[in-house]
Amino acid sequence: MIMVRRAEIPQFGLLSGVKVVHNTVSIAGPFAAELYAEYGADVIWIENAKVPCMSRVATGNAWQQDRRNQRNLSIDISLPEGKEIFLKLMEDTDVFISAARGGQYEKLGLGDEVLWERNPRLVIVKISGFGQTGLPDYMNRPSYDPIAQAFGGYMAMNGFPGMPSMPTNPLTADYMSALFAFGTSVAAVMKSRETSRGESIDLAQYEVLMRTQSRYPMDFLEQGIPFVKEGSHSAYFAGYGTYSCQDEKEVYMLYLGAGVLKRGLPFMGIEFGTEKIPPGTNLLYLSSPEGQLLEERIKAFCQSHTAEEVEKAFLAHGVPCSRIMDYNDCLKDPQYVAREVFTEWKKVNGESVKGVNIFPKFKNHPAQIWRGAPNIGMDNEDILGELGLTEEQIKELYGKKILTQRDYLNNI
């Protein structure tokens with residue numbers, strides 16, 4: 001295995017010089033930390049010494065992609081020696097990201113005030129399903145992405161009318177929570193460096209989903225308007241949804257905006273700028289005769305052309321339209337190729353692996369992939385050596401099973 005000391009981590013990106021530690025599992029917390037790692041921060045992943053992170057076995061290749069550039073310390077922080085090492089690690093850490101139900105770190109004796117005694121500038125991010133405060137019964141509820149979607153009102157919005165509600169895939173609550181955790185903690189680091197005072201961020205996944213539901217919560221609160229499931233087509237507007245094509249592939253288009261209607265309606269043989277469709281009209285209601293006519297003609301055109309032909313034809317007339325792409329389509333698409341959406345890097349065992357590149361792109365401080373996802377505890381000696389522990393002390397920690405080290409690729 002390739003050991004990397006902190007001094008050997010390449011210096012690059014917007015977040016070079018920032019140190020992040022995360023003790024999280026699955027998706028949301030690790031992905032927030034991953035964004036730091038890809039943008040140049042030194043990121044240490046604390047992994048339970050007894051039970052490997054479920055992402056290694058339950059999320060396919062996701063852990064290889066969402067843990068790259070990270071170092072791994074596999075330690076039991078529930079034991080006194082492990083807890084003391086964790087606190088020492090916090091002393092020069094900028095951001096600590098955790099994933100735990102309300103009060104769990106307090107029970108370990110690692111609440112905010114304890115951490116701030118060691119490092120007053122520390123930014124603490126707590127990601128949970130239901131939050132760190134509120135009613136105890138809710139704080140203690142177990143949660144995963146679909147549970148947050150169900151409780152957050154998100155799942156009720158998705159699916160087809162008259163059919164069971166369904167979660168949005170893949171893992172909307174987790175990835176959106178990760179983005180909120182990353183963005184708010186970067187802001188907190190900026191303030192911490194200005195004031196020398198840290199922050200504690202309480203991020204409940206269901207609240208993230210409620211905050212990102214556009215106008216619909218306000219529509220209900222202000223006017224009592226409930227959300228109506230739309231499925232694959234707008235329930236209100238014509239020319240706005242999924243259409244099947246001759247080759248059994250699909251496109252999605254939106255007849256939305258006065259400019260789109262001005263160019264796109266004549267293409268379907270419908271005159272724009274009349275008494276029924278006056279200049280400035282932004283959309284056609286599905287219930288109107290004009291909307292029904294547009295729907296009929298779009299469907300007929302799509303059923304007599306391939307998805308690629310439909311996309312090209314409607315784009316030529318100013319109508320936003322895209323084939324509904326699968327991975328094969330994405331791999332062959334020239335824009336994907338031109339912008340290098342997919343890339344290749346080395347696993348820590350030297351093997352090559354392919355996945356999604358780093359985004360967004362930065363002109364002056366580019367991000368990079370310098371290392372594959374770490375094996376369990378592969379950086380124990382390096383990280384603990386940075387904290388001042390001797391080889392004998394580290395060996396003793398292994399003997400007490402406070403530390404562990406395993407080659408995931410071969411031994412699980």
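Analyst: Helices (H or I, at least four residues) and strands (E, at least two) are DSSP runs, numbered from the N terminus. The model is predicted, so local features need pLDDT of at least 70 and side-chain atom pairs count only at pLDDT 80 or more, whereas totals for chains, interfaces and linings use all residues. Residues are numbered from 1 along each chain as its sequence is written, and side-chain values use heavy atoms, with hydrogens and water left out.

User: With that numbering in hand, in which loop is methionine 54 found, and which residues make the nonpolar surface patch?

Analyst: A patch is built from residues with over 30% relative accessible area and no salt bridge, like charges being joined within 9 Å and nonpolar side chains (Val, Leu, Ile, Met, Phe, Trp, Tyr) within 5 Å; the areas come from the Shrake-Rupley method with a 1.4 Å probe, and for residues only the protein chains shown count as cover. Here Val25, Met54, Val57, Tyr144 and Ile147 make a nonpolar patch of about 460 Å². Methionine 54 sits in the loop that runs between strand E2 (42–47) and helix H2 (55–58), and methionine 54 counts as partly exposed because its relative accessibility is 33%.

User: Which residues have the most contacts inside the largest nonpolar core?

Analyst: A nonpolar core is a set of buried Ala, Val, Leu, Ile, Met, Phe, Trp, Tyr and Cys residues joined through side-chain atoms within 4.5 Å, where buried means under 20% relative accessible area, exposed over 50%, and partly exposed in between (1.4 Å probe, protein chains only). The largest core has 32 residues, and those with the most contacts inside it are Val20, Tyr36, Val95, Ile97 and Val125. Two or more residues of this core come from each of helix H1 (28–38), strand E4 (95–99), strand E5 (123–128), helix H9 (172–195), strand E6 (199–204) and helix H10 (205–211). Apart from this core lies another, of 26 residues, and Met90, Leu110, Leu115 and Leu122 are among them.

User: Which residues does valine 125 touch?

Analyst: Contact means heavy atoms within 4.5 Å. Leaving aside residues up to four places away in sequence, valine 125 touches Val95, Phe96, Ile97, Ser98, Ala181, Ser185 and Ile201.

User: How many salt bridges does a search of the whole structure find?

Analyst: A salt bridge is a side-chain nitrogen of Lys or Arg within 4 Å of a carboxyl oxygen of Asp or Glu, and the search finds 21 of them. In one, the side chains of arginine 71 and aspartate 42 meet at 3.1 Å, N to O. This pair links distant parts of the chain, 29 residues apart, with arginine 71 in strand E3 (residues 70–74) and aspartate 42 in strand E2. Arginine 71 counts as buried at 0% relative accessibility, and aspartate 42 counts as buried at 8%.

User: Are glutamate 47 and arginine 56 buried or exposed?

Analyst: Glutamate 47 counts as buried because its relative accessibility is 1%, and arginine 56 counts as buried at 1%; these two residues form a salt bridge in which the closest N and O atoms are 2.8 Å apart. Another salt bridge joins the side chains of lysine 400 and glutamate 396 at 3.3 Å, N to O, where lysine 400 is partly exposed with a relative accessible area of 43% and glutamate 396 is partly exposed with 45%. Elsewhere, Glu34, Glu38 and Arg68 are joined into one network by salt bridges that share partners.

User: Why is there no bond between the sulfur atoms of cysteine 245 and cysteine 302?

Analyst: A disulfide is a pair of cysteine sulfur atoms within 2.5 Å, and the structure holds zero of them. The closest cysteine sulfur to that of cysteine 245 is in cysteine 302, and because the distance is 4.6 Å the two are too far apart for a bond. Cysteine 245 counts as buried at 8% relative accessibility, and cysteine 302 is buried with a relative accessible area of 0%.

User: Where do the cis peptide bonds lie, and which phi value does serine 214 have?

Analyst: One cis peptide bond joins asparagine 169 and proline 170, with omega about -5 degrees, and proline 170 is placed in the loop between helix H8 (145–151) and H9. Another joins phenylalanine 359 and proline 360, again with omega about -5 degrees, and proline 360 is placed in the loop between strand E11 (352–356) and helix H17 (380–386). Serine 214, although not a glycine, has a positive phi of about 60 degrees; serine 214 lies in the loop between H10 and helix H11 (216–223) and counts as exposed at 62% relative accessibility. Glutamate 340, also not a glycine, has a positive phi of about 50 degrees, lies in the loop between helix H16 (334–338) and strand E10 (342–346), and counts as exposed at 51% relative accessibility.
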